[in-house]
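Got your viewer open? Load the model, switch to cartoon view and keep the selection box handy.

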Amino acid sequence: MEVLSLRSFILVMHRYVGLSLSAFIIIAAITGSILAFNDELEHLISPELFIVDVPKSTKGKLDPLVLRELIHTAYPDIQTDYIPLRPKAKNESFYMSVFPKEHTKIDFDQVFINPYTGIILGTRMRGDLTQGKKNIMPFIYKMHYSLLLGDIGELIFGIIALIWTLDLLIVPYITLPKKSFRKHKLWLINWWQYAWRIKISHFFSIKKFIHTHRSIGLWLWPMLFIFAWSSVYFNLGHIYKPIMHSVFTYQVSNMHPKAEIKHPKLNFQQALEHARILMKDQAKKHHFLIHYEDFIGYFPERNVYEYFVNSTLDILKDEGKTRIYFDANDGTLLSLRIPTTKASSDTITSWITAIHMAAIGGIWFQVFIALTGIMIIILIFTGILLWLKKR
């Protein structure tokens, strides 16, 4: 019986891990390439929900808390624990996520309203294609992270992402020249010639698929690793966090123990006014500037409010990750969490998630992410063809 060398064993493992994950990665790559333009496509597909006419003479948009009350009046069987506060384009609608009250049922989880007139524009159950084209992008999003299988799908994709991450750690090693070549003082040049160079002719030759597969894999490796590891964060946070916290510094959130509280003493209006004061004090204390409010939310299971803003510590311009948590009864500040500079684990997480969601760099980075998805598909297919050739 032939005994495999370490290199050969790792190569065989890589080959069969790649084959077993190929279908899932292709689905993630195709849907991810589309989701790089999620907002633009949502507005294009469903303008009746996302786009409004801007009145020529108006006092401006209604306050988000007023819009929330109008939504509750229109749909008395709903609850809302999060209120968006982020400023939007003049012609963009206001929309909120909702859920049913106890012992009631609704056929939607999102409500759209005209921010100038307070007129309801429509509703949808995100991902339900039976409601029409307005759910195309939410359908693709659910396919991307859960295969439309809910919590089980999230777990499956999380495990796949973890296996993919581990597999990617060995990829650079198996592309190195053989040990005899690495003894040569110019072995890095050999590695470039052997593994990194991409020739157009390789794409059109079955005999050269090995070169195409190897070189694409190396050039894409940083992005592939970011996609894989950030997916572990999204779907298996309980595994991601202990690993990151064992290597990097992290921030601790002080939160109440779980306790169902139905009626906090501070209502949303009072909580928002208090949150602004708390955040302003924290900004002064920790030397950052607040650009705009993002949202305020309530955790009934912990009787805690959270308040997000976009600040000079945020990576993204169109989303806020600087946040505070405070007691929903007496307003006591429980925790401040900032996305960068304070803890390396949080800074890394902020960057890789922003890259994963194509949320930095504008339209050109969105194009880059979409093209990366296409290159991943080519990588998978060349890997399958290589396996078939070996067979």
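Here is a walk through two sheets, a helix beside one of them, and a single threonine.

Before you click, note that this is a predicted model, where local features need pLDDT of at least 70, side-chain atom pairs count only at pLDDT 80 or more, and totals for chains, interfaces and linings use all residues. Residues are numbered from 1 along each chain as its sequence is written, and side-chain values use heavy atoms, with hydrogens and water left out.

**Stop 1: the three-stranded sheet**

Start by selecting 94–97, which is β3. Helices (H or I, at least four residues) and strands (E, at least two) are DSSP runs, numbered from the N terminus. Add 110–113 for β5 and 120–124 for β6. Together they make an open sheet in the order β3-β5-β6, with antiparallel pairing; two strands count as paired if DSSP finds at least two bridges between them. β3 and β6 are the edges, each pairing on one side only.

Now zoom in on the bridges. β3 and β5 share 4 of them, and Met96 has Val111 in β5 as its bridge partner. β5 and β6 are also joined by 4 bridges; look for Phe112 opposite Gly122. These two strands form a hairpin with 6 residues between them, and in the turn Gly118 has a positive phi of about 80°.

**Stop 2: the helix on that sheet**

Next, select 64–74. This is helix α4, which packs on the sheet and touches β3, β5 and β6; contact means heavy atoms within 4.5 Å. How does the direction of α4 lie relative to that of β3? The two make about 65°, using axes fitted to C-alpha atoms (for helices, over the stretch in contact), with angles from 0 to 180 degrees between N-to-C directions.

**Stop 3: the five-stranded sheet**

Move on to the open sheet with the order β2-β7-β8-β9-β10, where the pairing is antiparallel. Its edge strands are β2 (82–84) and β10 (333–337). The twist averages 20° from one strand to the next. Select 290–299 to light up β7, which is joined to β2 by 3 bridges. Pro84 has Phe295 as its bridge partner there.

**Stop 4: one threonine**

Finally, select 344–356, helix α12, and pick out Thr353. Is Thr353 buried or exposed? Its relative accessible area is 11%, so Thr353 is buried (buried means under 20%, exposed over 50%, partly exposed in between, with a 1.4 Å probe and protein chains only). Show Tyr233 and Phe234 too: Thr353 is in contact with both, leaving aside its neighbours within four places in sequence.
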